Amino acid sequence: MENNNYPFELKAYDFSFKIFKEIIFGLNAFFIGFWLGVLKREHYHLLDSIYYNQTEMYRDENYNKRGLWDWEEKVLAQYFQQCHNLLVVAAGGGREVLALCKRGYEVDGFECNANLLKFANNLIAQEEFASHIKLAPRDQCPDSQKEYDGLIVGWGAYMLIQGKERRIEFLRQLRTQAKKNSPVLLSFFCYSETTGGRDFK
């Protein structure tokens, strides 16, 4: 049945639903934009800590033992085949580090959340791997006194660094610890003009 043949009630519903979604989208953008302008950097950090401390998924053994996501597998196969030692920044509860250890990589890691750090190191030790994740200041990659074949920034962590200058400085800190032509894996959400939503890159 073509749209022109739909009953008036269905046409009205379809039209009003589209308007409703546009209103919700606009209100959501206004809400986020307002609080982005009001909250200070230390507030964002506190909110981030509260979220990751209260979200049990990131401290769940099954989640952190599930391995790499499909898109991570593809990137690893395409760009990291010649790598032996890796640095994982924003290692979270250890999902990436543990999965990489199981694949035979030598892995070091940094994490700024002390609760996630403790969970990750306990999990990695239980699996009898030698890798160890160290505490790092937020939005920074401390000098590990080593050079790595490849660098991985934990899932979505790069987009949580506020401000262009801090993101650039973070990348510079990463660069000092990578061998020439080493691959770097970053992931982030971006706005999609085609879907009007978020695409993961």
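Is Ile 23 buried, partly exposed or exposed? Ile 23 is partly exposed, at a relative accessible area of 48%. The views below come from a predicted model.

**View 1. Ile 23 and its nonpolar patch.** Ile 23 sits in helix H1, which runs over residues 8–38. It belongs to a nonpolar surface patch of about 830 Å². The other members are Tyr 13, Phe 15, Phe 17, Ile 19, Phe 20, Ile 24 and Leu 27. Ile 23 can count toward this patch because its 48% relative accessible area passes the cut-off of over 30%.

**View 2. The annotated transmembrane region.** An unreviewed UniProt entry carries the annotation "transmembrane region" for residues 20–39. In the model, this span is 95% helix and 0% strand. Its end C-alpha atoms lie 28 Å apart.

**View 3. The cavity.** The structure holds 1 cavity of 30 Å³ or more. The largest cavity encloses about 40 Å³ of space. Its lining is made by Leu 68, Glu 72, Leu 76, Glu 96, Ile 152 and Leu 185.

**View 4. Ala 90 and its positive phi.** Ala 90 is not a glycine, yet its phi is positive, near 65 degrees. The residue lies in the loop between strand S1 (85–89) and helix H5 (95–102). Ala 90 is partly exposed, with a relative accessible area of 25%.

**View 5. Asn 181 and its positive phi.** Asn 181, also not a glycine, has a positive phi of about 65 degrees. Its loop links helix H7 (164–175) and strand S5 (184–185). Asn 181 counts as exposed because its relative accessibility is 72%, above the 50% cut-off.

Conventions:
Residues numbered from 1 in each chain as written. Predicted model: local features only at pLDDT ≥ 70, side-chain atom pairs only at ≥ 80, totals over all residues. Heavy atoms only, no water. UniProt positions renumbered as here; feature names shortened; annotations may be inferred. Helix = DSSP H or I, 4+ residues; strand = E, 2+ residues; numbered from the N terminus. Patch = residues over 30% accessible without salt bridge, like charges linked within 9 Å, V, L, I, M, F, W, Y side chains within 5 Å. Areas by Shrake-Rupley, 256 points an atom, 1.4 Å probe, with all protein chains shown as cover. Salt bridge = Lys/Arg side-chain N within 4 Å of Asp/Glu carboxyl O. Buried < 20%, exposed > 50% of the residue type's maximum accessible area, 1.4 Å probe, protein only. 1 Å grid on protein atoms, 1.4 Å probe; cavity = no way out; pocket = protein on both sides within 12 Å on 5 of 7 lines; lining within 4 Å. Points joined across faces, edges and corners; volume = space filled by probe spheres on them.
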